[in-house]
Amino acid sequence: MIGSSVHEPSTSASWRVALPHTTAAVPVARALVRTALAEREHAADRDTAELLTAELVANAVEHTSGGHPIELVVELLPTGCRVEVHDADPKPPGDLTRPSRGAPDPWQEHGRGLLLIRALSASCGHRPTSSGKAVWFRLPAVPRPRRPD
């Protein structure tokens, strides 16, 4: 039979890691997400999870003060994965949950991160925390090709 099935982990798992408030946190966060998804043989798209995590962490580093660490939370669920980045700034991210007023300037290096998160995630958002805010995205589990019997 030809088709696809969703590989669902039997249990949920989560990780919470403090990262330095520097650009060095970006590759570390990508590696942590990639490793978490690979170790659990999770069905969420690893490349997309890494890209969106890198965008959230880079935004936290660039747009918040450096006095506090950034926190990465990765939750693997049977239905997909959820990634949150916590920072100490309570101000909501710009155009995360609503479309921006226009297309990004093709000559600018910035201005596409939140657009990518909106476009590639199943859902995204932000919420206040006791120490600032958490910005998050969710990716669904994706079908994996079945191997012939």
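Author: Before we start: contact here means heavy atoms within 4.5 Å. Also, keep in mind that this is a predicted model. With that cut-off in hand, the buried residues of α3 are covered by elements including α2, β5 and β6.

Reader: What makes Gly113, Leu114 and Ile117 of α3 sit on the same side of the helix?

Author: Start with helix α3, residues 113-120, where Gly113, Leu114 and Ile117 are buried. They span an arc of only 100 degrees around the axis, so they end up on the same side of α3.

Reader: Why is cysteine 81 called buried?

Author: Buried means under 20% relative accessible area. Cysteine 81 comes in at 1%, so it counts as buried.

Reader: And what about cysteine 124, buried or exposed?

Author: Its relative accessible area is 17%, which is under the 20% cut-off, so cysteine 124 is buried.

Reader: How many disulfides does a search of the whole structure find?

Author: Zero. A pair of cysteine sulfur atoms would have to lie within 2.5 Å to count.

Reader: On to the sheet. What makes β2 and β5 edge strands?

Author: The sheet is open, with five strands in the order β2-β3-β4-β6-β5 and antiparallel pairing. β2 (13-19) and β5 (123-129) each have a single partner strand, so one side of each lacks a neighbour in the sheet. On average, neighbouring strands of this sheet are turned by 15 degrees against each other, direction ignored.

Reader: How do you know that β3 and β4 pair?

Author: Pairing takes at least two bridges. Seven bridges join β3 (residues 70-77) to β4 (residues 80-87), so the two antiparallel strands qualify. Leucine 72 stands opposite valine 85 in β4.

Key:
Residues are numbered from 1 along each chain as its sequence is written. This is a predicted model: local features need pLDDT of at least 70, side-chain atom pairs count only at pLDDT 80 or more; totals for chains, interfaces and linings use all residues. Side-chain values use heavy atoms; hydrogens and water are left out. Buried means under 20% relative accessible area, exposed over 50%, partly exposed in between (1.4 Å probe, protein chains only). Helices (H or I, at least four residues) and strands (E, at least two) are DSSP runs, numbered from the N terminus. Axes are lines fitted to C-alpha atoms, for helices over the stretch in contact, and angles run from 0 to 180 degrees between N-to-C directions. The arc is that of the directions from the helix axis to the C-beta atoms.
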